[in-house]
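I opened my notebook beside the model today and jotted down what I looked up, one entry at a time. Have the structure open and follow along.

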Amino acid sequence: MFTYSIKNIIEKIGEDPNREGLKETPERVERAYKEIFSGYSQNPKDLMKTFTEGTCHEMVILKNCEFYSTCEHHMFPFFGHISIGYIPNGKVIGISKLARLVDCFSKKMQIQERMTTEIADCIMNELGAKGVMVVCEGVHFCMRSRGVKKQDASMVTSAIRGSFSENDALRAEFLSLINA
């Protein structure tokens, strides 16, 4: 059924879905969409493997983790980097799990603001962190290729929770470390 819809789109834009280069395109698009939108089939709670051994009371940062997502308004890609900082509260999460958490939330149709907030809320709630800060910088293909066509524009969003929202020095330390 999905391949039929892709075939219809190909026809609507004025192409022949039966020409050699396009015959297998609906199946390729379906496989690509399964990967691009794999966040819908994941539960972020399943990624929250924590450790009490080796925990600390200082800031833990994942810096410049790349992400690829899809704008829910135009179904165009947006991509960039996310930095996450948190203050543990008796347990830490495996650093690769933070990267997988970014993938889980980014592989959906959405807006950047929601993705940033969902990542922060998940870490705060599931990890029980004392504080979380997430900064996301994204480049939106819908702004670059159509509409206003602003080639150098990027969008920055942040989500600030717990001790990061209460402590200016902590927030400043995080920002200086991710911008170093």
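**Entry: C136 and its strand.** I began at C136, which stands opposite T157 in β7. This is a predicted model, so I am reading a prediction here. Eight bridges hold β6 and β7 together, and the two strands run antiparallel. I also looked up how exposed C136 is: its relative accessible area is 0%, which puts it among the buried residues.

**Entry: confidence.** I checked the scores before going further. The mean pLDDT of the protein is 94, and 99% of the residues reach at least 70. Strand β7 (residues 155–162) has the highest confidence at 98, while strand β1 (residues 50–51) has the lowest, with a mean of 86.

**Entry: the whole sheet.** In what order do the five strands of the open sheet lie? I read the order as β5-β2-β3-β6-β7, with mixed pairing. The edges are β5 and β7; each has a single partner strand, so one side of each has no neighbour in the sheet.

**Entry: around β2.** I followed strand β2 (residues 60–71) to its partners. With strand β3 (residues 77–87) it shares nine bridges and runs antiparallel. The two form a hairpin with five residues between them, and M75 in that turn has a positive phi of about 60 degrees. With strand β5 (residues 109–110), β2 pairs in the parallel sense over two bridges. T70 was a handy landmark for me: it stands opposite P77 in β3 and opposite M109 in β5.

**Entry: S106.** T70 turned up again when I looked at S106, a residue of helix α3 (residues 95–106). Is S106 buried or exposed? It is buried, with a relative accessible area of 1%. Setting aside neighbours within four places in sequence, I found S106 in contact with F67, Y68, S69, T70 and M115.

**Entry: the cores.** The largest nonpolar core has 30 residues, and I noted I82, I84, Y86, M115, I119 and I123 as the members that touch the most others. At least two residues come from each of β2, β3, β4 (92–93), α3, α4 (112–127) and β6 (131–140). The largest share, six residues, is from α4. A reminder to myself: in soluble globular proteins, nonpolar side chains tend to be buried together. I then picked I82 and listed its contacts beyond four places in sequence; among them are L62, C65, F67, V102, M115, I119, V134 and C136. Another core, of eight residues, lies apart from the largest one and includes M59, M133, L170 and F174.

**Entry: cysteines.** How many disulfides does the structure hold? I found zero. Why is C104 not in one? The closest cysteine sulfur, in C122, is 7.6 Å from that of C104, which is too far for a bond. C104 is also buried, at 0% relative accessibility. C136 is in no disulfide either; its nearest cysteine sulfur belongs to C65, 10 Å away.

**Entry: S38.** Last, I visited S38, in the loop between α2 (25–36) and β1. Its side chain reaches the backbone oxygen of E35 at 3.1 Å. I also looked across to R144, 106 residues apart from S38 along the chain, and the C-alpha atoms of the two are separated by 25 Å.

Definitions and conventions
Residues numbered from 1 in each chain as written. Predicted model: local features only at pLDDT ≥ 70, side-chain atom pairs only at ≥ 80, totals over all residues. Heavy atoms only, no water. pLDDT = per-residue confidence, 0-100. Helix = DSSP H or I, 4+ residues; strand = E, 2+ residues; numbered from the N terminus. Buried < 20%, exposed > 50% of the residue type's maximum accessible area, 1.4 Å probe, protein only. Contact = heavy atoms within 4.5 Å. Pairing = 2+ DSSP bridges. Disulfide = S-S within 2.5 Å. Polar contact = N/O pair within 3.5 Å; in protein donor to acceptor, adjacent residues only side chain to side chain. Core = buried A, V, L, I, M, F, W, Y, C linked by side-chain atoms within 4.5 Å.
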